[in-house]
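Here is a short guided tour to read with the model open beside you. We start at one helix and its neighbours, then move to the sheet and a few backbone details.

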Amino acid sequence: MPPEKRCYSVLVISGKKQNTSMLSATLDPSQYRPVDFALSSGEAKRKLLRNAFDILIIDPPLPDGFGADLALDATSDTHSGILLLVRGDLFEATCRRVEDAGVLTLAKPLSKSDFRTALKLITATSARLLNEEKKTRSLQAKLEETKLVSRAKIILMEKMNISEPEAHRLIEKEAMDSRQTRKEVAEKIISG
């Protein structure tokens, strides 16, 4: 049995309400949900503060900016895949401005086929970013545990006048005996 496909949350940002409807109509609800909308950069920023979105689709012009600035801000503030739709005459200049930040840019007008292809690319990129974020969180948790255990070992070494391997064994034994994690045991030792 194949694994269940993940759903990706989407924020569609466009200065024209009819464009948000058209763009959201091309999103397959079995893969892209929930889908939310914003009609300006300010509204989009407020929504991004409240919720994390896997994919941002930005369709400028926006009443309070072009959209490239919003895309660049989002690359530093979120882990979202970002698709920026721009007029054909602005495509090259916009690409030069945003592509190094990881923003995928498409020239308008675009066909449904081109949009779906770009959406698949941004979905794959978003999936990869999410996987990397999970790995990073896991590594950060391991690093935090290692730091706590090291601090606890130092405390034991000083209080009990024992070696580092002996302090390590004490923490390991206490964790096994009390059915706690090494981190929990270390936190108790540190807190006194």
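In this predicted model, the buried residues of helix H7 pack against H5 and H6. The residues in question are Val185, Ala186 and Ile189. Looking down the axis of H7, you will find these buried residues within an arc of 100°, so they line one face of the helix. That fits a familiar pattern: an α-helix has 3.6 residues a turn, so residues three or four places apart point the same way. Just past the end of H7 comes Gly192, with a positive phi of about 105°.

**The sheet**

Now turn to the strands. Five of them form an open sheet in the order S2-S1-S3-S4-S5, and their pairing is parallel. Strand S2 (32-38) and strand S5 (104-108) are the edges, each pairing on one side only. On average, neighbouring strands of the sheet are turned by 20° against each other, direction ignored.

Strand S1, made of residues 8-14, pairs with S2 in the parallel sense over five bridges. To find a point of reference there, look for Ile13 of S1, whose bridge partner in S2 is Ala38.

Two helices are worth tracing against this sheet. Helix H2 (residues 41-50) lies across S1, S2 and strand S3 (55-59), and its direction makes about 140° with that of S2. Helix H4 (residues 91-98) lies across strand S4 (81-87) and S5, at about 170° to S5.

**A pair of tyrosines**

How many aromatic pairs does the structure hold? There is one. The ring centres of Tyr8 and Tyr32 are 6.5 Å apart and their planes meet at 40°; an angle that is neither under 30 degrees nor over 60 counts as tilted, so this pair is tilted. Tyr8 belongs to strand S1 and Tyr32 to strand S2, and the pair thus links parts of the chain that are 24 residues apart.

Are these two rings' residues buried or exposed? Tyr8 has a relative accessible area of 7% and is buried, and Tyr32, at 4%, is buried too. Tyr8 has a further partner: the charged end of Arg6 sits over the Tyr8 ring, 4.7 Å from its centre.

**Backbone details in the loops**

Most residues other than glycine have a negative phi, and most peptide bonds are trans. With that in mind, here are some places to inspect.

| Site | Backbone feature | Value |
|---|---|---|
| Pro60 and Pro61 | cis peptide bond | omega about 5° |
| Lys108 and Pro109 | cis peptide bond | omega about -5° |
| Asn161 | positive phi, not a glycine | phi about 55° |
| Arg179 | positive phi, not a glycine | phi near 55° |

Where do these sites fall along the chain? Pro61 is in the loop between S3 and helix H3 (68-77). Pro109 lies in the loop that runs between S5 and helix H5 (112-160).

The residues with positive phi are in loops as well. Asn161 is located between H5 and helix H6 (164-178), and it is exposed, with 73% relative accessible area. Arg179 sits in the loop between H6 and helix H7 (182-191); this residue is exposed too, at 81% relative accessible area. That brings us back to H7, whose buried residues pack against H5 and H6.

Terms used:
Residues numbered from 1 in each chain as written. Predicted model: local features only at pLDDT ≥ 70, side-chain atom pairs only at ≥ 80, totals over all residues. Heavy atoms only, no water. Pairing = 2+ DSSP bridges. Helix = DSSP H or I, 4+ residues; strand = E, 2+ residues; numbered from the N terminus. Axes fitted to C-alpha atoms, helices over the stretch in contact; angles between N-to-C directions. Contact = heavy atoms within 4.5 Å. Phe/Tyr/Trp six-rings, centres within 6.5 Å; stacked < 30°, edge-to-face > 60°. Buried < 20%, exposed > 50% of the residue type's maximum accessible area, 1.4 Å probe, protein only. Lys NZ or Arg CZ within 6 Å of the ring centre and 35° of its normal. Arc of directions from axis to C-beta.
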